[in-house]
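Reader: I'm new to this and would love a close look at a single part of this structure. Could you take me through the second largest pocket, and then show me what else is around in the model?

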Amino acid sequence: MRLIRFDAGGTARAGFVDGDLVFAYDPVTGPGEVVGPLSGVRLLAPCDPRTIVCVGSNYPCQLKEKGRPWPERPALFLKAPNAVTGPGQPILHPPELERLEYEGELAVVIGRTARNLTVENALAHVLGYTCANDVTAHDWRADGQWARAKSADTFLPLGPWITTGIENGDLEMTTRINDRLVQRAGTREMIFGVPEILAWVTRWFTLSPGDVVLTGSPAGVGPMEPGDEVTVAIEGVGELTNPVRSREW
């Protein structure tokens with residue numbers, strides 16, 4: 001199933017996509033009425049997370065590219081919920097920033113309260129998967145300002161939907177800037193898979209339904225400029241596209 005959130009006259013509503021049609025959806029009562037064609041609906045970020053935990057340095061190709069050591073355990077950091085934006089919405093490039101980077105990633109969306117999970121039971125707490133762009137202000141990260149480097153407004157596009165009922169272990173992921181392929185990897189290449197990541201994260205963080213865990217970006221991270229269009233595509237999950245625009249204070 002492809003679960004969505006969409007704009008209904010200024011209010012976020014839950015739904016799902018079947019073919020080219022959007023249906024209303026209630027987690028308790030189930031499917032509802034037909035809303036209309038997908039082309040006529042403005043999609044929002046497919047979840048509204050309270051907590052966003054991210055894993056860094058999780059692809060061997062990126063370690064080689066950056067000259068980083070092999071991690072003994074998942075390296076964690078946080079992004080703030082205000083960074084979340086939806087498909088088609090602009091990524092805002094701060095005017096004083098020299099380098100704003102894309103990072104295409106597989107995002108895990110939590111479906112059940114998760115604490116002290118094990119590798120064996122972790123996937124039972126997953127609702128599904130979506131595409132993510134872990135936007136990063138390189139200048140600010142370089143000077144130690146990780147909070148604003150990772151969590152400025154619009155620095156986490158998610159979408160276009162949450163895909164449920166799929167295996168996550170062998171999916172091709174690509175990132176394109178306009179028509180140029182800049183990242184390609186398979187989720188099978190991850191050093192720590194989704195069960196290992198969730199078992200580690202939930203030792204320290206209790207995750208609630210709708211929370212998000214990012215699983216890391218492969219080699220090829222690079223800059224994006226105002227006027228660019230960035231697309232993160234994951235096999236079997238979906239395709240997330242966002243334009244880059246200059247931010248005006």
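Author: Sure, let's start with the second largest pocket, which holds about 240 Å³ of space. Keep in mind that you're looking at a predicted model. Its lining is made up of 19 residues, and the ones that lie nearest the centre are Gly56, Gln62, Arg68, Glu103 and Arg141. Click on those five and you'll have the middle of the pocket on your screen.

Where does the rest of the lining come from? Two strands and two helices each supply at least two residues: E5, strand E6 (75-79), helix H1 (60-66) and helix H3 (146-151). E6 is the top contributor, giving 3 residues. Sort the lining by class and you get 8 charged residues, 6 nonpolar ones and 5 polar ones.

Now put that next to the largest pocket, with its volume of about 370 Å³. That one is lined by 18 residues, and Leu3, Pro27, Pro46, Leu127 and Ile162 lie nearest its centre. Strand E1 (2-8), strand E2 (11-18) and E10 are the elements that give two or more residues to this lining, and E1 gives the most, with 3. The class count here reads 13 nonpolar, 3 polar and 2 charged. So much for pockets.

Next, the core. You've met E5 already as part of the second pocket's lining. The largest nonpolar core has 32 residues, and the members that touch the most others are Leu100, Leu158, Val212 and Met224. Strand E5 (52-56) supplies at least two residues of this core, and the same goes for strand E9 (100-102), strand E10 (104-110), strand E13 (156-163) and strand E16 (212-214). E13 gives the most, with 3 residues. There's also a second, separate core of 29 residues, with Val108, Ile110, Phe192 and Leu198 among them.

Last stop: an open sheet. Five strands line up in the order E8-E19-E18-E14-E15, with mixed pairing. At the edges sit strand E8 (91-93) and strand E15 (180-186), each of which pairs on one side only. From one strand to the next, the twist averages 20°.

What does "mixed" look like up close? E8 runs parallel to strand E19 (residues 238-246), and the two pair over 3 bridges. If you want a spot to zoom in on, Leu92 has Arg245 in E19 as its bridge partner. On the other hand, strand E18 (residues 229-234) pairs with E19 in the antiparallel sense, over 6 bridges. There you can find Thr231 standing opposite Thr241 in E19. E18 and E19 also make a hairpin, with 3 residues between them. Look in that turn for Gly236, which has a positive phi of about 80°.

One tip while you have a strand on screen: in a regular strand, side chains alternate between the two faces of the sheet.

Terms used: Residues numbered from 1 in each chain as written. Predicted model: local features only at pLDDT ≥ 70, side-chain atom pairs only at ≥ 80, totals over all residues. Heavy atoms only, no water. Core = buried A, V, L, I, M, F, W, Y, C linked by side-chain atoms within 4.5 Å. Buried < 20%, exposed > 50% of the residue type's maximum accessible area, 1.4 Å probe, protein only. Helix = DSSP H or I, 4+ residues; strand = E, 2+ residues; numbered from the N terminus. Pairing = 2+ DSSP bridges. Axes fitted to C-alpha atoms, helices over the stretch in contact; angles between N-to-C directions. 1 Å grid on protein atoms, 1.4 Å probe; cavity = no way out; pocket = protein on both sides within 12 Å on 5 of 7 lines; lining within 4 Å. Points joined across faces, edges and corners; volume = space filled by probe spheres on them. Nonpolar A, V, L, I, M, F, W, Y, C, P; charged D, E, K, R; others polar.
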